[in-house]
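Morning, everyone. Here is the chain I want to go through today; please have it open while I talk.

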Amino acid sequence: MITADACQKLSEAKCMSSLLATVHIAAAKEAKTKSEVSGQTSTVHTSLFRHIFSSEMPPSEHAVERLTKEAEVLLGAGTVSTGRTLDFISYYVLADRNIRRRLEEELNEVMADYPRITPKLVELEKLDYFKALIKEGLRFSYGVMHRLPRCSPDQAIQYKEWTIPKG
């Protein structure tokens with residue numbers, strides 16, 4: 001059951017993500033306007049929103065509210081499934097003493113100076129058991145909990161007596 005406090009925190013997080021998205025959208029719009037006025041392409045870092053404003057999408061697709069909702073979907077898609085996979089891996093590492101011991105043994109050297117020195121990704125990628133745990137966690141954890149929409153962009157699909165049009 002979600003408590004009122006947890007619900008409040010979720011609302012605050014959603015509000016913050018919407019606000020952050022709106023700030024990035026406004027910056028992308030401003031960069032597009034400045035580049036149109038000056039005739040020069042912006043050298044500022046690129047972002048999804050900058051690509052959208054530079055694309056041939058109709059202006060109606062550039063509405064801040066619509067783009068904010070798109071940003072929330074992207075944020076959710078990138079965090080929920082990753083968090084769920086990490087939960088899954090963490091459970092099995094903590095639930096099985098042998099897995100935990102073997103992982104600790106492999107991580108001992110690379111993590112010896114942590115938190116003063118954070119291991120580089122290149123160092124972690126050399127750890128076979130660590131990599132195997134991550135790959136198994138990705139393989140076993142579930143992703144989307146509903147069917148994904150499918151379409152055939154170029155040709156109609158025939159299924160028994162039904163024809164599914166292209167697109």
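Confidence first, since this is a predicted model. The mean pLDDT over the protein chain is 82. Of the residues, 83% score at least 70. Which element has the lowest mean pLDDT, and which the highest? Helix H1, residues 4-38, is lowest at 72. H4 is highest at 96. Keep in mind that where pLDDT is low, the predicted coordinates should not be read in detail.

Now the layout. There are six helices and two strands. Read from the N terminus, the order is α-α-α-α-α-α-β-β. The chain has 167 residues, and 18% of them count as buried. Its accessible surface is about 13700 Å². Carbon and sulfur atoms account for 60% of that surface. On contacts: take those with a separation of 6 or more. Within that set, 44% join residues 24 or more positions apart.

Next, the interior. In soluble globular proteins, nonpolar side chains tend to be buried together. Here the largest nonpolar core has 10 residues. The members are Ile89, Val93, Ile99, Leu103, Leu107, Val110, Leu124, Leu127, Tyr129 and Leu133. Three helices each supply at least two of these residues: H3 (64-95), H4 (97-110) and H6. Which of them gives the most? H4 does, with four residues. A second core lies apart from this one. That one has eight residues, including Ile25, Ala28, Leu67 and Ala71.

Stay with Val110 for a moment. Leave out residues up to four places away in sequence, and valine 110 touches Pro119, Glu123, Leu124 and Leu127. Two of those names, Leu124 and Leu127, are also on the list for the largest core.

One backbone detail comes after H4. Tyrosine 114 and proline 115 are joined by a cis peptide bond. Omega there is about 15°. Proline 115 sits in the loop between H4 and helix H5, residues 121-125.

On to the strands at the C-terminal end of the order. A nonpolar patch lies on the surface, about 430 Å² in area. Ile157, Tyr159, Trp162 and Ile164 make it. S1 and strand S2, residues 162-164, each supply at least two of the patch residues. Tryptophan 162 is in strand S2. Buried or exposed? Neither: tryptophan 162 counts as partly exposed, because its relative accessibility is 48%, and exposed means over 50%.

Between S1 and S2 is a loop, and lysine 160 is in it. The phi of lysine 160 is near 50°. That is a positive value in a residue other than glycine. Lysine 160 has a relative accessibility of 61%, so it counts as exposed.

Last residue: glutamine 155. Where is it? Glutamine 155 is in the loop between helix H6 (128-140) and strand S1 (157-159). Glutamine 155 has 54% relative accessibility, so it counts as exposed too. Look at its distance to lysine 166. The two are 11 residues apart in sequence, yet their C-alpha atoms are 4.7 Å apart in space.

To recap. The helix to trust on pLDDT is H4, with the highest mean, 96. H4 also gives the most to the largest core. The nonpolar surface patch draws on S1 and S2. That's my tour; over to you.

Methods. Residues are numbered from 1 along each chain as its sequence is written. This is a predicted model: local features need pLDDT of at least 70, side-chain atom pairs count only at pLDDT 80 or more; totals for chains, interfaces and linings use all residues. Side-chain values use heavy atoms; hydrogens and water are left out. Buried means under 20% relative accessible area, exposed over 50%, partly exposed in between (1.4 Å probe, protein chains only). A nonpolar core is a set of buried Ala, Val, Leu, Ile, Met, Phe, Trp, Tyr and Cys residues joined through side-chain atoms within 4.5 Å. Contact means heavy atoms within 4.5 Å. Patches are made of residues with over 30% relative accessible area and no salt bridge: like charges are joined within 9 Å, nonpolar side chains (Val, Leu, Ile, Met, Phe, Trp, Tyr) within 5 Å. Accessible areas come from the Shrake-Rupley method with a 1.4 Å probe; for residues, only the protein chains shown count as cover. A salt bridge is a side-chain nitrogen of Lys or Arg within 4 Å of a carboxyl oxygen of Asp or Glu. pLDDT is the predictor's confidence in each residue, from 0 to 100.
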